[in-house]
Amino acid sequence: MASSRFSPTSALHAELAAVVGEDQVLSKEIDLIPYAFDGTAALRQDPGCVVFPANVEEVSAIVRIAARERIPLVCRGSGTGLSGGSVPSPGSLVLGLQRLNRILETDPLNLTMHVETGVITAAIDEEASRHGLFYPPDPGSIRISTIGGNVAENSGGLRGLKYGVTRDYVMGLEVVLADGERVFLGNKCVKDAAGYSLKDLFVGSEGTLGIITSILLRLLPRPRARRTLVATFPEIEGGALTVSGIIAAHIIPCTLEFLDRTTMDCVEAFAGVGFPRDAGSLLLMETDGEPEVVERQAAAMAAIARQQGALEVRQAETEEEALRLAQARRCAFAALARVRPTTILEDVTVPRSRLAEMVRFIADTAARHRLRIATFGHMGDGNLHPTILTDETDADEMERVEQALSDIVDKTIALGGTITGEHGVGLAKKPYLPRQLGDSGMRLLRQVRLALDPHGILNPGKIF
């Protein structure tokens, strides 16, 4: 229910409207409904108000108001997050940052781009391509997610194996701190050893340390050639063993994506790209770079897949076919979401040498708890997405879901992995974080949080 402190006739509503304009403040209950949730299943909390600033000055002014009134403040981009990171605290002030959507500068001489936080991720790579450059991070939500959300969650993506994650491309950040002060951290220099790397503290901080308003990004020269292959296997472990074989052969492709039988079947029904429905697993492999290197690596990966018992290995004949295959992989979550009323997309990462063991454990866990779990993910960097197809209205089944998730987390940590590779902690993973970090690690996190946000107004309830 909407909070009376933000009602259209309140002094606080009027003060916020004076900063951004009356039409950029939402406080009626019906208008707040779309901002009560993000892409995470079964999580919903009603905000008190939503405000849409147009620039960093307005963001700073709003933060000063929130700090004075001790109002919980939650940032939101496109709302595509999968850990509940942008789910509002009850009665909080949501800061919608979509209007900060300008590309401020593209600098080919320094291989950088300066963008505001609300720029859609795909638009960054499209702008870079006009200069023969490349922005590698590519989360599954690339066409709708904002770069600010990517930075706040340290998003990964399909190309993480070769190119890394969002953090690896952040050279600088403009941040509004919890008292409204503005600071720019970082620069265009490739080398910078001046003090602590403060910018890195904010990457992956999920809006709990400050509000990111613009980002200075590193770009790369665009690859000259690319090859895409698909291999199918009779068993679920085949893809995992092929990944291990490729890495052992010192080949670092840009993409190694895994789909199990359930995911393949759902994607084929959804996208119709020719995936088989009778195979145990599928591996989407892509290599890029200099043409002669690409051809050599593609041939070597195909040979390794056959050595691991692949039923079929085929290469995309055209750029259009390669794009269709990549898009089919990107739609895995949407395809699975059609199966049951509730789709819980998990995110765990293990060392690549333990992938086959982890994939089998997830399948055994599904059988043990009588659940349907589809598994896909960025297998080249060890990042798996066990996806539980369930119904949140079935209390008994949801209890089994929680048990299965706990088992998967414990196994992940036992294998030397992490409870989240790219989605963040948010609300969904915070019960599990102490298992990974321990008391000392959690204490250190809290000390950092307290130093930068002593009153705890920034995205409260997340991570801790």
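Biologist: Let's start with Arg435: which residue does it form a salt bridge with?
Modeller: Keep in mind that this is a predicted model. Side chains of opposite charge can pair when their charged atoms come close. Here the closest N and O atoms are 2.8 Å apart, and the cut-off for a salt bridge is 4 Å. The partner of Arg435 is Asp410.

Biologist: How many residues apart in sequence are the parts that Arg435 and Asp410 tie together?
Modeller: Arg435 lies in helix α15, residues 433–452. Asp410 belongs to helix α14, so the pair ties together parts whose separation in sequence is 25 residues.

Biologist: Is Arg435 buried, partly exposed or exposed?
Modeller: Buried means under 20% relative accessible area and exposed means over 50%. Arg435 has a relative accessible area of 38%, so it counts as partly exposed. Its partner Asp410, also at 38%, gets the label partly exposed.

Biologist: Helix α14 has Asp407 too, so which residue does Asp407 meet in a salt bridge?
Modeller: The N to O distance for this one is 3.2 Å. The pair links helix α14 (residues 395–414) to helix α13 (residues 355–368), with the two residues 39 apart. Asp407 is partly exposed at 23%, and its partner is partly exposed at 47%. That partner is Arg368.

Biologist: What about Arg68, which residue is on the other side of its salt bridge?
Modeller: Arg68 sits in helix α3 (residues 56–69), and the residue it meets sits in helix α1 (residues 11–20), 53 residues apart. The N to O distance is 2.7 Å. At 46% relative accessibility Arg68 is partly exposed, and the residue it meets is partly exposed at 28%. So the name you want is Glu15.

Biologist: How many salt bridges does a search of the whole structure find?
Modeller: We've gone through a few pairs, but there are also linked groups: Lys162, Arg226, Glu286 and Asp288 form a network of salt bridges. For the whole structure, the search comes to 33.

Biologist: On to strands: which are the edge strands of the open sheet of four?
Modeller: The order is β1-β2-β4-β3, with mixed pairing. An edge strand pairs on one side only. That fits β1 (25–26) and β3 (73–76).

Biologist: Which residue of β4 is the bridge partner of Val51?
Modeller: Strands of a sheet pair through backbone hydrogen bonds, either parallel or antiparallel. Strands β2 and β4 (residues 93–96) run parallel, joined by three bridges. In β4, the partner of Val51 is Leu95.

Biologist: Where is Ile33, and what is its relative accessible area?
Modeller: Ile33 is in the loop between α2 (29–32) and β2 (49–51). Together with Ile30 and Phe37, Ile33 makes a nonpolar surface patch of about 280 Å². Ile33 is partly exposed, and its relative accessible area is 39%.

Biologist: Zooming out, what is the radius of gyration of the protein chain?
Modeller: The chain has 15 helices and 19 strands. For 464 residues the globule rule gives 23 Å, and the chain's own value is close to that, so it is as compact as a globular protein of that length. The radius of gyration is 22 Å.

Biologist: Last one: what share of the residues in the protein chain is buried?
Modeller: A residue counts as buried under 20% relative accessible area. Of the 464 residues in the chain, the buried share is 56%.

Key:
Residues numbered from 1 in each chain as written. Predicted model: local features only at pLDDT ≥ 70, side-chain atom pairs only at ≥ 80, totals over all residues. Heavy atoms only, no water. Patch = residues over 30% accessible without salt bridge, like charges linked within 9 Å, V, L, I, M, F, W, Y side chains within 5 Å. Areas by Shrake-Rupley, 256 points an atom, 1.4 Å probe, with all protein chains shown as cover. Salt bridge = Lys/Arg side-chain N within 4 Å of Asp/Glu carboxyl O. Buried < 20%, exposed > 50% of the residue type's maximum accessible area, 1.4 Å probe, protein only. Rg over C-alpha atoms; globule rule 2.2 N^0.38 Å. Pairing = 2+ DSSP bridges.
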